[in-house]
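User: Please walk me through reading a ligand site, giving the general idea before the case at hand.

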Amino acid sequence: MESIDGRLIVEVPLIDRATDPVQSDSPAADPTALAKEWLPADGEDRMLMTVSTVDAEGFPRGRTVMLSEFDGERFFFHTDSASQKVADLTANPKVSLTILWPGFTRQLVVQGTAEAAPPDEASRAYETRSPYLRQLAWLNDAETAILPRAEREQRWAAYAARVPDPVQPDNWVGYGVSPHRLLFWVSHPDAPSRRVEYTRTAAGWKHRHLPG
Ligand SMILES: Cc1cc2nc3c(=O)[nH]c(=O)nc-3n(C[C@H](O)[C@H](O)[C@H](O)COP(=O)(O)O)c2cc1C
């Protein structure tokens, strides 16, 4: 299938404009329910997202992480407590998440505030990570990063042989992002792309349509 800019893309079903809540003339009242509908259900493959923080110099800093879970209220991701993103969030918990679906179909941008995830949520996420990712949580530190390649690989192999099923390390942390604003984008080859932005107010969610 060709995308709307002429490039070949992964085959994905087009949205049904007649029933799609973003294309609709009367958008969904509750954006968190809509986000839940868009995102994979428990047990399905996790989405990737760009998590953007603001660093100590005031520059935005984005990186890809796995969206571990959306519980209907918070978007959770997990990481290393020694990472740059944790330093950024400790100083400024305001964060933006960009989630992109394949094939030019959908984008969800979230602005919100990140808070440490409850310990049981972080443990659940660790348990659902693959053996490779569980080991990575132990061996992806600054000390290993500067070793020569042969030593890094030897350390990796020795660890895998010694610890076949690594338990959750102390540096494993989770964050839950409570949305202040959600921006849903959908496209269709026969119509302009459409965005609806929801902002949380004291009176509930307010929405407006935007170009782009
Ligand atoms: C596809 C993909 C998935 C990733 N998933 C995670 C993740 O779930 N958690 C994480 O901490 N880093 C993940 N990373 C690595 C981050 O992009 C990033 O390099 C790392 O977290 C260090 O970021 P920081 O120094 O800005 O904190 C992933 C990278 C890629 C390319």
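User: Where does the ligand sit?

Analyst: On a 1 Å grid over the protein atoms alone, a pocket is an open set of points with protein on both sides within 12 Å along at least five of seven lines, and a molecule sits in it if more than half of its atoms lie within 2 Å of its grid points. Here the ligand sits in the largest pocket. This is a predicted model, in which local features need pLDDT of at least 70 and side-chain atom pairs count only at pLDDT 80 or more, whereas totals for chains, interfaces and linings use all residues. Residues are numbered from 1 along each chain as its sequence is written, and side-chain values use heavy atoms, with hydrogens and water left out.

User: Which elements give two or more residues to the shell around the ligand?

Analyst: Helices (H or I, at least four residues) and strands (E, at least two) are DSSP runs, numbered from the N terminus. In this model the elements are β2 (60-66), β4 (75-80) and α2 (84-91), and β2 contributes the largest share, four residues.

User: Which polar atoms lie opposite the ligand's oxygen atoms?

Analyst: A polar contact is a pair of N or O atoms within 3.5 Å. A side-chain N or O atom of lysine 85 is 2.6 Å from a ligand oxygen, while backbone polar atoms of methionine 66 and glutamine 84 lie 3.0 Å and 3.2 Å from a ligand oxygen, respectively.

User: What does the salt bridge of arginine 63 and aspartate 88 tie together?

Analyst: A salt bridge is a side-chain nitrogen of Lys or Arg within 4 Å of a carboxyl oxygen of Asp or Glu. Arginine 63 and aspartate 88 meet at 3.7 Å, N to O; the former lies in strand β2 and the latter in helix α2, so the pair ties together parts that are 25 residues apart in sequence.

Technical notes
Polar contact = N/O pair within 3.5 Å; in protein donor to acceptor, adjacent residues only side chain to side chain. 1 Å grid on protein atoms, 1.4 Å probe; cavity = no way out; pocket = protein on both sides within 12 Å on 5 of 7 lines; lining within 4 Å.
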